[in-house]
Amino acid sequence: MDWQELVEEVEQGCIAPVYLFYGSEGYLQERALKTLKKKLIPPETGDFDYQELDGRELTGAEVIMLAATLPAMAERRLMVIKSPAAELWQDKDFLEYLTKPEPATCLVLVVNGSIDKRLKAVKEISSTGRVVECSPLQGEDLAAWLTKEARQEGYNLPPAAAQVLARAAGGDLRQARNELGKAMAYTGKPGTITPDIVQALAPEIEAENTIFQLVDALGNKKPELAIGFLRQLLERGEAPLGIVAMLARQLRLIYRAHLAGNNRNLAAKLGLKPFVARKVAAQARNFSLRAAGQALEELLKVDTALKTGQGEAGPLLEQAIWTIIARGEH
Amino acid sequence: MAQYQALYRQWRPRTFAEVVGQEHITRTLRNALLTGRLVHAYLFCGPRGTGKTSTAKILARAINCLAPREGEPCNECANCRRILAGNSLDVLEMDAASNRGIDEIRNLIEKIPLGPVEGRYKVYIIDEVHMLTQEAFNALLKTLEEPPAHAVFILATTEPRKVLPTILSRCQRFDFHPLTVKAIAGRLQEVAAANGVEVEPGALSLLSRKAAGGLRDALSLLDQILATGTRGPVTAGQVAVTLGTARLDTLLALTGALATGDGAGVLHLVDKALASGIEPQRLLEDLLDHTRNLLLLKVDPGAGSLTGLLPEEVEQVAAQARQFDHHRLLDLIERLQQGGAALRRSNQPRVILEMTLAGYLVAPGPSLEELSRRVAKLEARLAALEGPTPGRARERVAARNPGEGNRPPVAPGSRADAGGQEREKSGLLEAPGEGFPGGQTRVINRWELQQAAGRDRAGLAGPETATGQETSSPASPELELAAVQERWPEVLAAARRESIRLQAFLREGEPVAVAGDTLTLAVKADFHRGMLEQPGNRQKVEKALAAVFGRPLKVVITSGRPSPPGDTGDTLTRLVNFFGADKVEIKD
């Protein structure tokens, strides 16, 4: 089962005596644990019936002994064992415990990474308890999750904004949640979070978009626009070498799009997400292979000049923009 | 005696509303306080003087304020006053730049379990957090992962890239933007008015632009100017003198003279500007910025908002931009850029400055890039007309030779030779600094000697001075090194048609000897030599040579230490004779 099903189940009050959380998304594991804790341990009893242990040095016998301890105040004890030792899975006593777990204890095993599902212990857990996967969410899934998270707090997060958020976090759930919290705080009272809000708050995304527009302006031979975007970037404190690198990346993609020709699988070929590939293909129409190559050459010059202290970033980059556009005219 | 407090400290914002130009952050924070969305860790990043520490302190007060108003701290209650005075037990401020070790962080963390004394939260402000050591970061991370409910961390840094990613993902990150010129000017106006000082709009604009996005810098500059204590309104001239920068009208006058080709005027204006205390370097930079604006306004007169100038100043600059051709402006930018680079390494900055400007006037016309592009285009057209047969290629060579010979020099004595462009330019610019140290022992390494030998022979190799090795192939007329060197740019252009990279590799090379159908190419850089020695590239080079000279030529690539048979020894003896034996030391 995945963690969302788990949360629903727990919220309904259905709690298994043994859980196994696995997967690389620590944030989801944390969230699932929090839900369990909230359900099982009343806040006023404090940490009496909650125990969190590092499993790397625990033997099967120790685990069983601890698991057999009865709760002091709460209805059930919650016992969390993080990264259990490999031997534990083979331990006979532990396997036996898994077949008949203590009903007054909720034992949670947390594994960061993958598990071998053929293990007997794992099979046992899935019959007497629950095996929960906590793997990172990507792309659309992440966006959908964010939308759901927002809805729970009464905010409306349209798909466009959710996608921007997901991109801003670069696939990191914790960061995505942080960004969402920021966007909700900015919006204030529950309402709709627009892509503009997200962009204003997430700097990387804003920079990436501006770079994109800059390349567009270069392709459309609009120096005044290109310079405007460049100055915006510099004014906001983007690192000049970072700008050069991002520009070069975009132009390289355009160059490669030309090399790939009229390929339907451009996205796969360039190793990009489909919508990014579509944008690259659209921009490639404004650059010939030659023009993209020349522009890259100009950027190389700027890079060298910056690194050898030939001048300031602003003038050098602007000069490159003018040269690229002037060349395109002839 | 009451001590004077610097303006930026007097005017440190005390509420979110007073923070200038960071609306996206202050609004988020205020709403977070109002709706209970406070998180346990904040990371404030942004350039200096944009309000990070000020906002952190406001947030600390707002969190613990007894009577907050709409998310703002009241600054009057007991808690606020204690925090303002810096003696609150609940707000701990730490400068990570001076407490960067693990012990300091441990010290801090040990006390975290203790709850707040007066307010609701314990607030830890860690400034310059990127200065923490790796160990200290990890110690902090553990606490950030599971913070007690009563702790709020506010980390501030100018360099978020140096903060561990694991820390980043635990914090709500806020990016402070550099302030716009308009925002700074507005605040300066306010401060000046409160101090009973009048500041001219031009002066305000200059000040705000020079502050480069940092309000603290702007206020410090204003402080500096007010300290001079002159009466009456502060003028742009005063500001320019205090900051040591050029005023806009100085720059306009200079570029005006450049536009009309008034050389005397330019030198005169430079003299005047330098006499008023502007550093040559500064003047050059200011001119460069100004020229960029000229070019921008030339293309789009409506782009004034990007320049940070006042509307009437934009008008002036745009008017002048009309006097220039945009190629010329680009040329000027290029020259100023190169001048700026040369100036940094020179001890005669003034000479470089004047030469850069004079160079622009002396060598009008299209730039080298422009010319080489045109030439390449013409060649392409010619090639298309003539077809690729070798016999015709030779005719083409013959036909083009005379034209090649009396091609008008672009800039007298300097920029004619594309192959030696780099050398020529740097020679032109660095000349004053690189005087020949007379009387001292001149260290000559063999490479230079060989170079000299090659050039020497090239010079001597008239039709009648065919030395032994050059008569080996009787079938075709002898190719001379001089001819090869002269037409090297053509080879480069031909190589460029093959691939740009090939041209780049070839640029590093220099033909140093021709023997029969073998051309010796000296390539200094290892990388380029390696690339040229690859069979594919070598073939392409030979193809390009064949196309230009109309005959097959073999290429021998050396590291710049070839052993051309013949007169190396001669040259050496002559050099020794010339300088005297005691002045020459041979280094290999």
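**Close-up views of chain B**

**View 1. Helix α16(B) passes helix α17(B) in a right-handed crossing.** The model shown here, as in every view below, is predicted. Helix α16 of chain B spans residues 326–344, and helix α17 of chain B spans residues 349–362. Their axes come within 10 Å and cross at roughly 160°. Angles over 145 degrees count as roughly antiparallel, so α16(B) is roughly antiparallel to α17(B).

**View 2. Residues in the contact of α16(B) with α17(B).** From α16(B), the contact is made by B:Arg328, B:Asp331, B:Leu332, B:Arg335, B:Leu336, B:Gly339, B:Ala342 and B:Leu343. From α17(B), the contributing residues are B:Pro349, B:Ile352, B:Leu353, B:Thr356, B:Leu357, B:Gly359 and B:Tyr360. By character, the residues of this contact divide into nine nonpolar, three polar and three charged.

**View 3. The aromatic pair of B:Tyr42 and B:Phe44.** A search of the whole structure finds seven aromatic pairs over all chains. In the pair of B:Tyr42 and B:Phe44, the ring centres are 6.3 Å apart and the planes lie at 55°, so the pair is tilted. B:Tyr42 has 0% relative accessibility and therefore counts as buried. B:Phe44 is also buried, because its relative accessible area is 0%.

**View 4. The aromatic pair of B:Phe44 and B:Phe174.** This pair is edge-to-face, with 6.0 Å from centre to centre and 80° between the planes. The pair links distant parts of the chain. B:Phe44 lies in strand β1 (residues 41–45) of chain B, whereas B:Phe174 lies in strand β5 (residues 172–175) of chain B, and the two residues are 130 apart. B:Phe174 has 2% relative accessibility, so this residue counts as buried.

**View 5. The aromatic cluster that includes B:Phe44 and B:Phe174.** Four residues, B:Tyr42, B:Phe44, B:Phe174 and B:Phe176, form one aromatic cluster. Among its members, B:Tyr42 and B:Phe44 make the tilted pair of View 3, and B:Phe44 and B:Phe174 make the edge-to-face pair of View 4.

**View 6. Chain B as the setting of the close-ups, with 27 helices and ten strands.** Chain B has 588 residues, and buried residues make up 46% of them. Among contacts in chain B between residues at least 6 apart in sequence, 74% join residues at least 24 apart.

Definitions and conventions:
Residues are numbered from 1 along each chain as its sequence is written. Chains are lettered from A and ligands numbered from 1 in the order in which they are written. This is a predicted model: local features need pLDDT of at least 70, side-chain atom pairs count only at pLDDT 80 or more; totals for chains, interfaces and linings use all residues. Side-chain values use heavy atoms; hydrogens and water are left out. Axes are lines fitted to C-alpha atoms, for helices over the stretch in contact, and angles run from 0 to 180 degrees between N-to-C directions. Helices (H or I, at least four residues) and strands (E, at least two) are DSSP runs, numbered from the N terminus. Angles under 35 degrees count as roughly parallel, over 145 as roughly antiparallel, 65 to 115 as roughly perpendicular and the rest as oblique. A crossing is left-handed if the near helix is turned anticlockwise from the far one by less than a right angle, and right-handed if clockwise. Contact means heavy atoms within 4.5 Å. Ala, Val, Leu, Ile, Met, Phe, Trp, Tyr, Cys and Pro count as nonpolar, Asp, Glu, Lys and Arg as charged, and the others, Gly among them, as polar. Rings of Phe, Tyr and Trp (its six-membered ring) pair if their centres lie within 6.5 Å; planes under 30 degrees apart count as stacked, over 60 as edge-to-face and the rest as tilted. Buried means under 20% relative accessible area, exposed over 50%, partly exposed in between (1.4 Å probe, protein chains only).
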